[in-house]
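Thanks for coming. I will take the cysteines, and then the ligand and its surroundings.

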Amino acid sequence: MGFNIASDDEIRSGKVTDVYFVRTVRTLLSAGIRKRVVMEVTASSLPDGYKWAVLAGIDEVAHLLEGKPVNVDCMPEGSIFHASEPVLRVEAEYTDFAIFETPLLGLLCQASGVATKAARCKKAAGDKLVVSFGARRMHPALAPMIDRAAFIGGCDGVAVIKSAELLGIEPVGTMPHALIIIVGDMVEALKLFDEFVEPGVRRTALIDTFGDEKFEALRAAEALGERLYAVRFDTPSSRRGNLLALLKETRWELDLRGYSHVKLFVSGGLDEYEIKRLNEVADAYGVGTSLSNAPVINFAMDIVEVEGEPIAKRGKASGVKDVYQCVECFRNIVVPANRSAPKKCQCGGSFVKLIQPLIRDGKLVAELPSPAEIRERVMKALPRLEEI
Ligand code: PCP
């Protein structure tokens, strides 16, 4: 008995691969065909409504390919990219790495999907708190990966203990309905939480279990006063009606009675569009399903050069490419690799070359940034990116 997942060794040894790659390698080797190729990873399109995306999963790709006879170049993790721009390339003898196409794409497609959704939610929320609450919607083996991608994409915190440990941050949580149902009353539950949970943990009262949120919010504020950080609305859809109006009403009643310090925390069914709608009055968000079940970035990996000659399948541009990014407006330009860098961007900004060496002859040659450093890169770009 065990969880239905592949181990680190199984992934790094190429067990998690599509069988046609194994048969292709056997065919080529049996026919004595050994050719050096360059393959590029590109997304021909982005999910509906997306004009830009965030690259994530590079740390795991480095872990997958380190020690293999390959040369890898890629954009730094957290880079902003667009459709049809190569984010990574592998140069090597094809049969030496063909079987790793499956895991490599898997690592980039899902992590970049979650990171981009997180960035869209954070862009919609501005400086308001966004916390990743999505672990319960996915296989627990993936929770640390999903939360890491959500954090580097812009989430301010994550709820899962293991994920927070890996990120070197404190896990963020409020209280579950179960506590209130078992104690029997929200205020009694809040007082017990306040008595037994370490003082450094913010006190957030969940106010939608039994009664009307407005009145429950006032009861919580009266019970804890200055020690109450926020009230959480996880109002069930059957009662949700006009949540924006409910938040405004509660805000009014709290402020009227001197509880303007109490923040309004919302969770349940949130995405970037709902956050944008509520952001004039809400102060914090717990986002679950729409983060962990975010649409993947549909990367594909294609040969663009064989034995130094540009060649690609129909629908793909041949030849090795470089991507330059304007440091001001984050516009990207794709040019053939051996061409000179573009001068100035039309916005006046200068260009930097994004694709840089990651692995040389199987050896990691790049310093991998920490999740916090990658998040900083994304947060710097967010204000300049096209609106949601
Ligand atoms: C859920 C839990 C998650 C929220 C909703 C994520 O509430 O609090 O954090 O929702 P989403 O996936 O729709 O974005 P409940 O299931 O009521 O759980 P609990 O009582 O544990 O808060």
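**Cysteines and ligand**

The structure holds 0 disulfides, a disulfide being a pair of cysteine sulfur atoms within 2.5 Å. Before the details: this is a predicted model, where local features need pLDDT of at least 70, side-chain atom pairs count only at pLDDT 80 or more, and totals for chains, interfaces and linings use all residues. Residues are numbered from 1 along each chain as its sequence is written, and side-chain values use heavy atoms, with hydrogens and water left out.

Why is Cys121 without a bond to Cys155? The closest cysteine sulfur to that of Cys121 is in Cys155, 6.8 Å away, which is too far for a bond. Cys121 is buried, at 1% relative accessibility; buried means under 20% relative accessible area, with a 1.4 Å probe and protein chains only.

Cys326 is in no disulfide either, and the nearest cysteine sulfur, that of Cys347, is 3.4 Å away. Cys326 has a relative accessible area of 0% and is buried.

Now the ligand. The residues around the ligand, with a heavy atom within 4 Å of it, include Phe133, Arg136, Arg137, Pro176 and His177. The shell divides into 3 nonpolar, 5 polar and 4 charged residues; here Ala, Val, Leu, Ile, Met, Phe, Trp, Tyr, Cys and Pro count as nonpolar, Asp, Glu, Lys and Arg as charged, and the others, Gly among them, as polar.

Oxygen atoms of the ligand lie 2.6 Å from a side-chain N or O atom of Thr289, 2.8 Å from one of Arg232, and 3.0 Å from a polar side-chain atom of Asp234. Taken alone, the ligand exposes 490 Å², and the protein buries 79% of that.

Terms used
Polar contact = N/O pair within 3.5 Å; in protein donor to acceptor, adjacent residues only side chain to side chain. Areas by Shrake-Rupley, 256 points an atom, 1.4 Å probe, with all protein chains shown as cover. Buried < 20%, exposed > 50% of the residue type's maximum accessible area, 1.4 Å probe, protein only.
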